[in-house]
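Subject: Handover of a structure

Dear colleague,

I am handing over to you the structure shown here. Please look through it before reading my notes.

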Amino acid sequence: MLQRGDFLTANESIELLKTGQKINEEFQSTRDIFKEFYPSFVDDFFKKAPQSLKEIATNIAAGKAVGPINLRDVRGAQLESAAKMVRAWDQIKAKGANLQPHIAGVLTHLGFNVESVDLEDRRSKGSNFNWFKIKAVLGLTPEELRIPPFYGSSAHGTYNILCVWDRPPEEEIIAIASKKSTPSPIIVFYMGRMTVKSRADMVLYGRKHPNMPLLIIDDILLCFLSSERGVRLKTMFECALPFTFVNPYTTAASMVPPEMFFGRMREEQSIIASDGTNLVYGGRQLGKTALLRQVERKYHSAQNGMIVKWIDLKSAEIGYQLPAKDIWLVINIELHQLGIVKKPNLQKQTLEKKIEEWLNQDKARRILLLLDEADAFLESDSNSDSEVDKTSYANGHFRSEYPNVLALKSLMDKTEKRFKFVLAGLHNVQASAKYANTIFGHLGSPICIGPLLNNGEWKDALKLIKEPLHTAGYRLKDDTLPVRIFSHTNYYPSLIQLFCKHLIHYFTEKFATHIKHELPYCIDLQDIEDAYLSRGLRNEILYRFNLTLNLDSRYKFIALRIALEYASAHGIDPQATRLNADWVRQEAKYMWPTGFEMATTVEDFQIMLDEMVGLGILRRHKNSDYSIRSHNLINLLGNESQIETALYETLNSPPPKRFDSASFRRGKKNGYWKRSPLTSSQESTLLQPGYSTAILFGSELAGLLDVPEFLNELNMPVTQIDNADDINHFQKEFDSIMTSLNKDEGMKLVVVSGQLPWTLQWIKYTHDSMKRKQSKERSVCVIFIADPQKAWEWVQQQDKYNLTEVTLHTLKPWDDQALRTWLQDEAIGPQAQDDRKKLTYHTGNWGGLLHSFGDLCKKGSRNWMDALDSVSEEVSLESSWSPFIHTPPSLLTCYQALADFNDPISITELSLLTDNINEEDVSKYIKWGDMLALVSQQGRDKWQLNSFITKIVKG
């Protein structure tokens with residue numbers, strides 16, 4: 001390493017050696033199956049093997065070597081299975097009338113558990129191919145196979161078999177497969193013998209069609225597999241996958257397929273064990289959610305009485321829109337869906353009783369709830385008014401906070417831990433775990449999900465690099481190369497996945513027209529560095545690394561300040577620059593007092609520093625000093641000048657904010673990246689008890705078209721009225737709905753579509769009907785969706801009706817906190833404050849435009865700046881984004897005058913600027929704009945046009 005000047009890898013290797021770990025010892029390998037098969041076995045088969053498969057099968061059955069097929073390690077039933085597999089293959093090759101049993105036989109002997117084989121397209125006369133649909137389960141676990149998820153868990157047990165006869169050329173196979181529209185993997189049964197050159201040509205054709213991978217099995221591979229002991233499945237994939245193109249790596253940090261989940265066994269066992277931990281914490285991109293989903297996937301077995309359920313408390317809005325106590329409602333709904341309890345709306349005490357009853361029916365039963373994104377829940381619960389009786393915990397000395405956590409623990413104790421819960425989250429979970437004199441001191445040792453580094457987890461990081469690459473046909477030239485990747489990724493599993501995914505893309509693009517020397521592909525240091533610098537990978541790694549660092553702007557300040565101290569000292573070893581919590585506190589309170597307003601004691605800073613140790617940013621030494629974890633991490637943070645600039649930007653950023661319901665916008669339950677056009681406070685107002693009528697004003701610009709789908713995801717019945725064409729039709733529809741809804745208790749919503757020709761008469765009828773209804777058990781809110789045209793009708797006619805009790809809501813642009821949270825949570829677009837200002841300038845933070853921007857970014861076809869330019873070009877007075885379509889010409893004239901003035905102005909003054917528009921009309925125009933958040937009131941009687949709307953009006 002030092003001879004070739006690779007100091008980056010050398011530094012990382014030294015860090016491993018300091019802990020007594022030697023990475024080269026993990027590289028010991030006894031066999032490379034692919035090299036045994038290709039090209040030597042393929043060439044020898046052509047030279048030495050008989051043409052007749054019957055002859056080959058007969059020799060295999062007798063245990064006799066035939067051609068290059070060596071059977072010395074195959075005995076008894078394995079020989080019989082191998083012979084049957086070759087005979088079944090020969091039957092398929094003969095083009096018989098009923099091929100399904102023979103296809104099933106081949107697959108079974110390969111290691112598939114076949115459920116069904118169905119002929120999809122009957123072969124026409126003279127045709128040389130047939131399609132079959134296969135339902136089958138792989139005979140090895142995802143962890144045993146380590147194949148690309150496309151052929152494993154993502155296939156969901158469905159495969160397409162393409163049988164081809166008469167040895168068609170490679171381009172013809174590609175052409176046949178390209179006409180098949182299917183999301184399921186395609187396995188080609190090539191009824192012949194492919195040469196070394198033909199296989200190489202398939203690689204080139206495959207690279208030209210990366211979205212249509214073909215796994216090819218021919219006579220030669222099948223005969224090679226006949227000499228394998230045990231299940232042949234893994235060998236089949238190792239020999240066939242290098243000739244196709246499937247990238248096994250994933251960039252979705254929270255949803256990692258089981259084939260690509262490595263390590264965390266210690267944490268997994270602690271989570272699943274009855275006496276294990278109840279607390280899991282760690283930063284973003286480090287794999288908390290991936291671990292919890294893996295535990296759910298691996299251990300949930302309803303038929304065996306083992307219930308493991310992952311629940312996203314953030315998506316459920318616990319601690320955000322909903323109070324902490326509503327966690328019991330969420331648990332109730334989830335257990336109802338699983339058939340544990342019969343009703344979804346039980347009282348907390350009743351739910352606890354039903355859980356105990358279900359568990360007591362069979363002492364082997366267990367319930368494990370994995371409560372993810374628990375930070376807001378804990379914050380809310382810490383401020384709850386507790387009615388929980390804590391006297392039963394006479395020796396606990398618990399504080400009065402956290403009544404719902406206490407109730408969960410009480411249920412866990414009463415069921416002898418056969419009911420268990422795990423709270424997972426970010427810094428609130430870790431901070432709560434610090435307080436030994438609270439309930440958290442009785443929830444087991446908290447587990448930190450950090451980089452794959454400590455406790456030997458770097459070996460799992462090594463496997464994450466090597467094993468999927470190996471199966472895909474790639475080999476690392478020497479044992480220092482994984483360390484080089486570690487140095488670029490800081491051992492973060494999501495960054496390792498990202499790096500390796502780009503590495504395979506780099507090879508595919510670089511060698512799209514030829515194969516770089518022989519298969520398997522050999523990766524050297526230059527390849528790694530070229531990949532790192534290509535396709536924006538380095539920037540993407542920095543971006544994702546900063547997602548974790550930006551989790552709390554105080555983290556970023558601390559990391560940059562310590563890094564600057566190191567850089568200023570021109571140090572070689574970052575660990576020589578060791579600083580304690582008191583030093584960090586003094587620097588923080590001096591340089592950024594507003595950012596650390598809530599942190600006052602050394603203990604407060606100790607907690608933050610320990611959190612950063614868990615993130616893999618800092619290293620804690622025995623004397624409680626701290627340092628940057630490694631020299632390579634300094635490189636990620638930048639040189640001295642870059643660190644100073646980043647530190648200055650952090651000092652000028654807003655301090656960390658607590659949750660604000662007027663800012664927070666709910667995401668969709670399925671994890672989709674869009675956000676609700678309504679804020680949490682608006683949703684909360686709509687869901688107030690009683691019978692009410694509301695109008696929701698907005699525009700396409702503000703995301704009005706997204707309102708119905710987000711309302712449909714609230715935890716209550718939602719009825720849409722979208723087919724009434726006049727007042728009489730509406731009255732009948734409305735009365736019928738109300739009669740139906742009044743049969744059941746609870747909260748319901750009725751949404752009147754903005755596409756209907758509703759008028760204020762409809763609202764008047766609804767309003768009067770709702771006023772006559774009263775019930776403590778039932779609540780209904782009727783919401784009329786109003787676009788800009790209907791907003792104008794409201795302004796013109798509202799004085800004719802007495803509708804003062806109708807609540808009015810306006811869809812507004814997002815504030816900066818909501819924008820920043822969205823960008824960070826969904827890894828969309830810019831994170832830096834100056835870049836975020838560009839986004840705000842070009843979109844006005846209007847939800848519709850932000851979602852259009854997000855859609856372009858998520859498609860991955862362009863970088864965020866190009867996406868922003870594209871969105872910006874869409875906006876004009878004539879486009880659908882404009883709120884001024886279908887409004888009076890004089891209204892636009894008024895707003896053009898308002899835009900030209902570009903300062904706060906009174907209605908009287910504005911009417912003077914518009915000679916032909918009287919003050920009464922100007923007042924209505926301003927009221928219309930206020931309904932749609934196009935103007936804002938400045939002072940007692942002055943108004944100003946929204947800056948982004950000013951740009952639209954001016955063109």
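The notes below cover the confidence of the model, its two sheets and one pair of helices.

This is a predicted model, in which local features need pLDDT of at least 70 and side-chain atom pairs count only at pLDDT 80 or more, while totals for chains, interfaces and linings use all residues. Residues are numbered from 1 along each chain as its sequence is written, and side-chain values use heavy atoms, with hydrogens and water left out.

Confidence

The protein has a mean pLDDT (the predictor's confidence in each residue, from 0 to 100) of 85, and 89% of its residues reach 70 or more. Over residues 386-400 pLDDT stays under 50, and the model has 24 contacts (heavy atoms within 4.5 Å) for them beyond four places in sequence. Where pLDDT is low, the predicted coordinates should not be read in detail.

The mixed sheet

Helices (H or I, at least four residues) and strands (E, at least two) are DSSP runs, numbered from the N terminus. Two strands pair if DSSP finds at least two bridges between them. One open sheet consists of five strands in the order β1-β2-β3-β4-β5, with mixed pairing. Its edges are β1 (112-121) and β5 (214-218); each has a single partner strand, so one side of each is left without a neighbour in the sheet. On average, neighbouring strands here are turned by 25 degrees against each other, direction ignored.

β1 and strand β2 (residues 129-138) run antiparallel and are joined by eight bridges. Within β2, isoleucine 134 stands opposite valine 117. The bridge partner of isoleucine 134 in β3 is tyrosine 159, and seven bridges join the antiparallel β2 and β3.

Helix α10 (residues 233-240) lies across β1, β2 and β5, and runs at about 110 degrees to β5. For such angles, axes are lines fitted to C-alpha atoms, for helices over the stretch in contact, and the angles run from 0 to 180 degrees between N-to-C directions.

The parallel sheet

A further open sheet of five strands has parallel pairing and the order β7-β8-β9-β6-β10. β7 (306-312) and β10 (447-448) are the edge strands, each pairing on one side only. Two bridges link β10 in the parallel sense to strand β6 (residues 279-281), and cysteine 448 in β10 is the bridge partner of tyrosine 281. Helix α13 (residues 327-337) packs on this sheet and touches β7 and β8 (366-372), its direction making about 130 degrees with that of β8. Helix α14 (residues 348-360) lies across β7, β8 and β9 (419-425), at about 135 degrees to β8.

A helix pair

The axes of helix α19 (residues 481-489) and helix α20 (residues 493-510) come within 9 Å and cross at roughly 120 degrees. That makes α19 oblique to α20; angles under 35 degrees count as roughly parallel, over 145 as roughly antiparallel, 65 to 115 as roughly perpendicular and the rest as oblique. Ile485, Phe486, His488 and Thr489 in α19 meet Leu495, Ile496 and Phe499 in α20.

With kind regards
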